[in-house]
Amino acid sequence: MKPQGAIRLAGETWYIPGLTNSGYTDGLVIDTGAECEPYREATLDTLVVTHGHADHFSTGAVVRGLGARVIAARDDARLVENPEVNIRGMFSWARPGDQLISKLFMGTPCPVDGLAEEWADDRARVVPLAGHTLGHIGVLTADGVLFSGDALYQRALWERHPLPYAIDPHMVAESVRRIDALDFEILVPGHGVPCSKQEASEHIAHHIERITEIEHFLLAKLAQERTTEEAIALVSAKCGLSDNPAQYWLAVTTVKGFLGEMLGRGAIEFYVRDNVGWWRAKA
């Protein structure tokens, strides 16, 4: 029996729409929404989690309790089992107050029974899509439906979240290009609406364009030396972010992701002066 409210996309592949979209094919669940009810009467044997942010395994522990084996990528399994790791990591392992934490990272721990890198199943296959998190994956079903998690932001989501969270935006760009090279018929994002391969390609082009725009903006601003806080403020202002504490801390990670990648390829330099970290573009 399929989950309550499931909508058929192709063959035996269905999706359950919600704030976080969930997928289903013949007993295999891909991510979970925030509500338990759709899954309680369904036939379940496996849950694959695309990445270790709590909104994608909101009811994972419940689904596991109903008999499903939980699968996650090696680098994100620890986040699924202990969401506190994600929270502490954002604050250099200090313990923040609750008002500083995005609800996307606050969730119920869910034991992981197997690693995506070792998982093989006729119903679907795993596609590595790192960048949003290090172990982010997509799941491509045998019916040609790709569940892409948070790897790809559709245009409408960019409008609501103009600086998508990423530990490495350059890695995100590589992953969405990988999506474009895949053979699939329908893409289901973690947040948004299912779309065709052609529509997905248009969203991918927009995603890459926006990442490139932000990177070029930051690099240009670093022609003058900037502190880490100044770099974060400049990018946040460009993207029109509000002065919201939780949103600020998400921006901190993403901007540092840009800085770290540019430093790694030698486009900028980093130094400490008067106990303050500074960044500057190389001449």
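# Hollows and a surface patch

Guide: Let's start inside this predicted model. Strand E3 (22-25), strand E10 (145-149) and strand E11 (186-189) each give at least two residues to the lining of the second largest cavity.

Visitor: Which residues line the second largest cavity?

Guide: Here's the list: Asn21, Ser22, Gly23, Ile30, Asp31, Thr50, Phe147, Gly149, Val188, Pro189 and Gly190. The volume of the second largest cavity is about 40 Å³.

Visitor: What makes a space a cavity and not a pocket?

Guide: It comes down to a way out: in a cavity a 1.4 Å probe fits but cannot get out, while a pocket is open. Searching the whole structure turns up two cavities of 30 Å³ or more. At about 40 Å³, the second largest cavity clears that cut-off of 30 Å³.

Visitor: And how much space lies in the largest cavity?

Guide: About 100 Å³. Its lining has 16 residues, with Pro164, Ala166, Val172, His207 and Ile211 nearest the centre. Helix H6 (169-181), helix H7 (197-221) and H9 are the elements giving two or more residues to that lining, and H7 gives the most, with three.

Visitor: How do the residues lining each cavity divide by class?

Guide: In the largest cavity, the lining has twelve nonpolar, three polar and one charged residues. For the second largest cavity, the split is four nonpolar, six polar and one charged. Gly23 in that lining goes with the polar ones, because Gly counts as polar here.

Visitor: What about the second largest pocket: how many residues line it?

Guide: There are 23, and Asn86, Gly89, Met90, Tyr165 and Ile167 lie nearest its centre. The pocket holds about 470 Å³ of space. Helix H3 (74-81), helix H4 (84-90), helix H8 (228-238) and H9 each put at least two residues into its lining. The largest share comes from H9, with five residues. Sorted by class, the pocket lining has eleven nonpolar, seven polar and five charged residues.

Visitor: Why is leucine 263 called partly exposed?

Guide: Its relative accessibility is 35%. Buried means under 20% and exposed means over 50%, so at 35% leucine 263 falls in between and counts as partly exposed. You'll find leucine 263 in helix H9 (residues 245-264).

Visitor: Which residues form a nonpolar patch on the surface with leucine 263?

Guide: Phe270 and Val272 join Leu263 there, and together the three have about 260 Å² of accessible area. A patch residue needs over 30% relative accessible area, so Leu263, at 35%, passes that cut-off.

Key: Residues numbered from 1 in each chain as written. Predicted model: local features only at pLDDT ≥ 70, side-chain atom pairs only at ≥ 80, totals over all residues. Heavy atoms only, no water. Patch = residues over 30% accessible without salt bridge, like charges linked within 9 Å, V, L, I, M, F, W, Y side chains within 5 Å. Areas by Shrake-Rupley, 256 points an atom, 1.4 Å probe, with all protein chains shown as cover. Salt bridge = Lys/Arg side-chain N within 4 Å of Asp/Glu carboxyl O. Helix = DSSP H or I, 4+ residues; strand = E, 2+ residues; numbered from the N terminus. Buried < 20%, exposed > 50% of the residue type's maximum accessible area, 1.4 Å probe, protein only. 1 Å grid on protein atoms, 1.4 Å probe; cavity = no way out; pocket = protein on both sides within 12 Å on 5 of 7 lines; lining within 4 Å. Points joined across faces, edges and corners; volume = space filled by probe spheres on them.
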